[in-house]
Amino acid sequence: MVQDTAVLPGRVRRGCGLGSVATGAFGTVPGLLLLPYLTDRLGVAAGLAGLIVLLPKAWDVLLNPIAGRVSDRSTHPDGRRRPFLVRAGLTLAVLFALLFAGPTSPSTLAAAWVAVLFLACASAYAFFQVPYVSMPAELTRDYGERTRLMTWRVAVLALTILVAGGLSPALRDALGPEWGYRAVGVFVALLIVVGALGAWWGTKGVPPVEHVAAGGSLAHQLRVVAGAPDFRALLLTFAVQALATGVMLAGVDYMARWVLGDPGAATILFVAFVGPALVVTPLWERVGRRTGKRPAFVVASLCLAAGALLVWVTHDLGLVTVALALALVGVGYAGAQMFPMAMLPDVAAVDADRSGESRVGVYTGVWTAAETLGLALGPGVYGLVLMLGGYVSSTDGTAAQPASALTAMTLGFTVLPALLVLGSMLLLRGYRIDEAAVVAAGEVAR
């Protein structure tokens, strides 16, 4: 049965958006606090800490396409994707609660605990995230409705990032390092449960756009996906921007404590970064309707890069000025999240409509692998920047830092992400899918 209705029920939009509570919480808090947890709570050297944060998520580069292929071939009576939301989502919640609950000494054992648990979290996340991101392409054929779905998703994502990223450092600081990190683990686990169950329930009973699962091996499907020029251009652009976002997230805590001299400023910086998305996301939807998704994506990316450079220019002028500059980053971030996520279902759906075979899960698996790798590389790259700047690790976060480390913290938080975002725009030139192409492919399918 084919879902051709242009407008989906509000329950479905809200339910699809609720899944971002899980993805936002897991995607944000490790990037924000796991590196400081390793360097300033467990006493792990910055370079090694960056690897511990990177390697478990890098595993998802291999696992995510497999998760996509598995969900493509699912024949569960509750839907091809929905059962994964509950099973993988609840497993992820339990594992995340354990991530910060391990031993804190000796540092070798503590680091090994984090590495193993983070690897397990990344594995469970793959089997939640890939089916979840695959769903919009199968909920509707309508080009504009997919953007409206993403508007809900990005709004919920922004709110979740705001809540999880804003409250987690505050919770850690209020309870102290011994119990604060453990409380953060439980807090984020509860958010993941809400997101998983909400997405599962909200999308119940929606007849999907049906295609026959593509035949052949996973390797063959990956070759087909890799050979799609529109997908390749969009994927590389988004992956580089995910790296830029991951670098900035990793730098928030360091900028607050060392550059601005106020550990409590981490929450303010994070709110300034994410908060604007709650207001401007509907405005970006209007821009996208007028200009198309690709031009609007370019404008949003330029706003993000300009904001990061503005933080660099104003970082000596105090917290208020830096927060205002970060607000421009947040305005760009909202659009730079919404539009590519609305363009991905277009790519997968056009391919499915033209071929009659569904590779949505494989497309999404490769996409989320690249996004996850980019976000995971962020703390690793920032950790490398800290190492090159001579950052001094400790077990209580009070070691004096040389001037070179302060410079590295600032450049890594501002100029480096801006250059990555600007460079990503060169990669987007190969993307050509617009509303006319989506409509034409849908007519072929019918």
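**Cavities and rings, with reasons**

Author: The second largest cavity has a volume of about 70 Å³. Keep in mind that this is a predicted model.

Reader: What makes it a cavity rather than a pocket?

Author: A 1.4 Å probe fits there but cannot get out, so the term is cavity; a pocket would be an open set. Its lining consists of Gly27, Pro30, Gly31, Val53, Lys57, Phe118, Gly246, Leu249, Leu375, Ala376 and Pro379. H1, helix H2 (46–58), H9 and H14 each give two or more residues to that lining.

Reader: How do you sort the lining of the second largest cavity by class?

Author: Seven residues are nonpolar, three polar and one charged. If you're counting along, Gly goes with the polar ones, and Pro with the nonpolar ones.

Reader: How many cavities are there of 30 Å³ or more, and what is the volume of the largest?

Author: There are five of them, and the largest has a volume of about 260 Å³. It has 22 lining residues, with Gly27, Tyr333, Gln337, Glu371 and Leu375 nearest its centre. H1 contributes the largest share of that lining, five residues. Among the other helices that supply at least two are H5 (107–134), H7 (143–202) and H13 (319–355). By class, the lining splits into eleven nonpolar, eight polar and three charged residues.

Reader: On to the rings. How many aromatic pairs turn up in the whole structure?

Author: The search finds 15.

Reader: Why is the pair of Phe26 and Tyr125 called tilted?

Author: Their ring centres are 4.6 Å apart, and the limit for a pair is 6.5 Å. The planes meet at 40 degrees. Stacked needs under 30 and edge-to-face needs over 60, so what remains is tilted. The two sit 99 residues apart in the chain, Phe26 in helix H1 and Tyr125 in helix H5.

Reader: How do you know whether Phe26 and Tyr125 are buried or exposed?

Author: Buried means under 20% relative accessible area. Phe26 has 0%, so it is buried. Tyr125 comes in at 7%, so it counts as buried too.

Reader: What makes Phe273 and Tyr333 a tilted pair?

Author: Run the test again: the centres are 5.2 Å apart and the planes are at 40 degrees, so this pair is tilted. Phe273 belongs to helix H10 (residues 265–274) and Tyr333 to helix H13, 60 residues apart. Both are buried.

Reader: Which residues share a cluster with Phe26 and Tyr125?

Author: One aromatic cluster brings together Phe26, Tyr37, Phe96, Phe100, Phe118, Tyr125 and Tyr181.

Reader: Why do you say that a charge sits over the ring of Trp179?

Author: The charged end of Arg182 is 4.9 Å from the ring centre, and the limit is 6 Å, with a further condition of within 35 degrees of the ring normal. Arg257 lies over the face of Tyr254, with 5.4 Å to the ring centre.

Reader: One more arginine, then: why is Arg82 called buried?

Author: Arg82 has a relative accessibility of 7%, and the cut-off is under 20%, so buried is the right word. You'll find Arg82 in helix H4 (residues 82–99).

Reader: And what makes Arg82 and Trp200 a polar contact?

Author: A polar atom of the Arg82 side chain lies 2.6 Å from the backbone oxygen of Trp200. The limit for such a contact is 3.5 Å, so the distance fits.

Key:
Residues are numbered from 1 along each chain as its sequence is written. This is a predicted model: local features need pLDDT of at least 70, side-chain atom pairs count only at pLDDT 80 or more; totals for chains, interfaces and linings use all residues. Side-chain values use heavy atoms; hydrogens and water are left out. On a 1 Å grid over the protein atoms alone, a cavity is a set of points where a 1.4 Å probe fits but cannot get out, and a pocket is an open set with protein on both sides within 12 Å along at least five of seven lines; lining residues have an atom within 4 Å of a point. Grid points are joined across faces, edges and corners, and a volume is the space filled by probe spheres set on the points. Helices (H or I, at least four residues) and strands (E, at least two) are DSSP runs, numbered from the N terminus. Rings of Phe, Tyr and Trp (its six-membered ring) pair if their centres lie within 6.5 Å; planes under 30 degrees apart count as stacked, over 60 as edge-to-face and the rest as tilted. Buried means under 20% relative accessible area, exposed over 50%, partly exposed in between (1.4 Å probe, protein chains only). A polar contact is a pair of N or O atoms within 3.5 Å; within protein, one must be able to donate a hydrogen and the other to accept it, and residues adjacent in sequence count only if both atoms are side-chain atoms.
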